[in-house]
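Q: Could you take a close look at one spot where the backbone does something unusual, and then walk me outward from there? I'd enjoy a connected account that I can follow with the structure open beside me.

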Amino acid sequence: MAISWGGMAGGQIRRLEQVQQQQAGTVQNADNYQFTVHPTCPPSTSIVFRGGLCWYPPAFAPAHGWFVNSYAADLADTDIVTTNTSFIYYSYTFTNAYWYAGCVLVLTYGLNPDTFGLKPATLPDLSITLAGTNSGLADGFEEYATAAEAEDALAAMSVERANSVGLPMTALVLRNNGNTTDANQWMSIDRVNRGRSYLLWDYRQAWEIG
Amino acid sequence: MAQFGQYRVYLLDWNGNKVAQLFPGDDFLSITWEHRRNQPGAYRCELVAETATKDRFLKHYQILIERNWGNAPGDWYEEYAGFHLGNHEWWVNSDELDEHYWASIGLSPEWLVDQPLLQPVANTGNANWAYYDLWWASGFADDVIKSMVGESMVSPADTARDFTQMGLQGDAGAGVWSCYEGSWIRLLDAITDAIGETGDKGGCDFRVERVSGGYEFKTYAPFFGTDRRRGNPDGNKPTIFSFENGNMRNPDYKEIWAEEVTAAYGLWQGGGMERSIYERTNAAALAESPYSRREGAYDLRDISQPDQINGILDQALIDDGLQTFVTAEILQTDACLYGRDWWFGDLVTLDLPGGRSFDMRIVEVSGAIDGENEERIEGVIELWTRTEAA
């Protein structure tokens, strides 16, 4: 019995897709894609800032649009991140293994009038402040056993504390990775709550929730 | 003409119980079916319409084809199952004829994962809001697509979405590690996005297989099938199609690089001059000739995490890269039987005249039998290029 074998089907659909891809070479609606925050794939604990025009300067910065480069920053890196809205070089060590803490990620780089407009290739040290939910605590962080409690605390938080130090980019729920000895020990950051750290309310910027 | 396989065809109810034997049977005319890689394969079963057999077909009952490649009782295996998804009834009238036929048409169980949508992740146990704005997960590809199926139809947060006859194989931690996402698209499309049509992107394949009482979603890494290549590491008896073995004729080999993309640009988010552009190139292809550079643009604005982009572009360089087509007519011989020496998904060796040899994969198979138990088997083979390290 003869058995005929055919080759791979032609690329008609692929060619149509290619045409669509070429036609989509420009994106018209720019603002929706400007200056947004994106987690990276676990086990990374890094965040990517997609560069672009920012039209939301804090009160003490010049009131015009400014351009920000794209950056990646490891939120576990104590050189990049401080966890205190009043002091630099602060870090946070969880007391309870695998508990949650809510915070607002604030970009402080570029807001000093002396450095405004400079666009270094990599994010300078201490460019990020993680503003915790409790202004009464020295380091601002407050731990909760569940993600829902941490989210509730974020919803009740005054975003003015975050606004006062820079540009709030997103809300975060950080979950400890089991290490309660060392600083900034949180799980990798997901797009949604998958039992690790995650961006709260997707990556909508904090002024939308504030 | 030699006849190789023996067949039995049954009608199954919703629980997978045999309710009627269609073949051998007086009102059976023919059945055709196909296996497709990571996609549902169609069948069509034609019967004489005057009998009551057709009335036993209810919506979503199933066809089961059992095949025996030899004569021993132990050589029977389940060749194909398919869901009854439509009827076709027709009449043939002339001066000499007054005939009435009926056909069941449907798809293999992979059709099941085309039923649900991949909905945003439920914010379970959290009263703040019900759902996130997308489905998202990270991990090994085979585990992630199982999560998609699990959360969409096997154990969904909304129990109304539960397919009670559907099961899920346990995680294996294989395939490519990455992040995968989607929202409000068909589950089958989301799985295809995650692992690629060929399975190469995720480094695994999936199937929906018949089990006791229903069906189970299973994954296979690095591929579904048996390695029957010459010198295969599993020690399987090799299946080699060649002139010398008398099981191949009219081979055809084509290579086309007219539209071979060697530099892929990923257009991520941002408008105008702020749009982020990623680039990946096929260095080996670029080095082959001073005229090799062909550029391709890929709109990736919907990707939420930029660290996925390089992997997507690497896959684009394969999909839109050098196109190699190898075809041949294969003769099923006593020494090279379908169902024993090769089956859907298997890796085999193709030897062409002149000493060239190729690793091939059987990516599609279609079969047909008629009321006389005459069978016809056709297959589609492709060059096998997937990285096999799980």
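A: Let's start with N184(A), which counts as buried in this predicted model, because its relative accessibility is 1% and the cut-off for buried is under 20%. The backbone is what makes this residue worth a visit: N184(A) is not a glycine, yet its phi is positive, near 55°. You will find N184(A) in the loop that runs between β12 (167-175) and β13 (189-190) of chain A.

A useful counterpart sits elsewhere in chain A. Y98(A) is another non-glycine residue with a positive phi, about 70°, and Y98(A) also belongs to a loop, the one between β8 (81-82) and β9 (100-107). Is Y98(A) buried or exposed? Neither label fits: its relative accessibility is 41%, so Y98(A) counts as partly exposed.

The strands beside these two loops lead to a helix. β12 follows in our path because N184(A) comes from a loop that it borders, with burial at 1% relative accessibility. The buried residues of α2(A) pack against β9 and β12, as well as against β11 (143-144) and β14 (197-200) of chain A. Helix α2 itself covers residues 147-155, and its buried residues are A147(A), A148(A), A150(A), E151(A), A153(A) and L154(A). As background, an α-helix has 3.6 residues a turn, so residues three or four places apart point the same way.

Stepping back to chain A as a whole, there are 4 helices and 14 strands. Half the chain is under cover, in that 50% of its 210 residues count as buried. If you take contacts between residues at least 6 apart in sequence, 67% of them join residues at least 24 apart. The exposed area of chain A is about 9,100 Å², with carbon and sulfur atoms supplying 50% of that.

One sheet of chain A is easy to trace. Its 3 strands follow the order β3-β4-β7, with antiparallel pairing, and the sheet is open. The edges are β3 and β7 (71-74), each with a single partner strand, so each has one side without a neighbour in the sheet. Neighbouring strands here are turned by 25° against each other on average, ignoring direction. β4(A) and β7(A) are held in register by 4 antiparallel bridges, and I47(A) stands opposite A73(A) of β7(A).

The loop between β3 (36-39) and β4 (46-50) has its own surprises. P43(A) is found there, and the peptide bond leading to it from P42(A) is cis, with omega near 15°. The loop also holds C41(A), which connects to C179(B) in strand β11 (residues 177-182) of chain B, making a link between chains. C41(A) and C179(B) form a disulfide with their sulfur atoms 2.2 Å apart; over all chains, the structure holds 1 disulfide. The torsion about the S-S bond is about 120°, so the disulfide is right-handed. Both ends are covered: C41(A) counts as buried at 12% relative accessibility, and C179(B) does so at 2%.

That link carries us into chain B. Two further cysteines there are buried, C45(B) at 0% relative accessibility and C336(B) at 4%. Chain B also has a cis peptide bond, from A221(B) to P222(B), with omega near 5°. P222(B) lies in the loop between β14 (214-220) and β15 (240-241).

Strand β14(B) pairs with β13(B) in the antiparallel sense, through 7 bridges. R210(B) has Y215(B) as its bridge partner in β14(B). The two strands form a hairpin with 2 residues between them, and G213(B) in that turn has a positive phi of about 85°. Of the 7 residues in β13(B) (residues 205-211), 5 are buried.

Finally, the largest nonpolar core has 56 residues, and those with the most contacts inside it are V113(B), M148(B), M166(B) and I191(B). The biggest contribution to this core comes from helix α1 (residues 141-154) of chain B, with 7 residues. Leaving out residues up to four places away in sequence, I191(B) touches V113(B), I145(B), M148(B), V149(B), G196(B), F206(B) and F217(B). Another core lies apart from this one, with 41 residues that include V9(B), L11(B), F57(B) and I330(B).

Note on methods: Residues are numbered from 1 along each chain as its sequence is written. Chains are lettered from A and ligands numbered from 1 in the order in which they are written. This is a predicted model: local features need pLDDT of at least 70, side-chain atom pairs count only at pLDDT 80 or more; totals for chains, interfaces and linings use all residues. Side-chain values use heavy atoms; hydrogens and water are left out. Buried means under 20% relative accessible area, exposed over 50%, partly exposed in between (1.4 Å probe, protein chains only). Two strands pair if DSSP finds at least two bridges between them. Contact means heavy atoms within 4.5 Å. Accessible areas come from the Shrake-Rupley method with a 1.4 Å probe; for residues, only the protein chains shown count as cover. Axes are lines fitted to C-alpha atoms, for helices over the stretch in contact, and angles run from 0 to 180 degrees between N-to-C directions. A nonpolar core is a set of buried Ala, Val, Leu, Ile, Met, Phe, Trp, Tyr and Cys residues joined through side-chain atoms within 4.5 Å. A disulfide is a pair of cysteine sulfur atoms within 2.5 Å.
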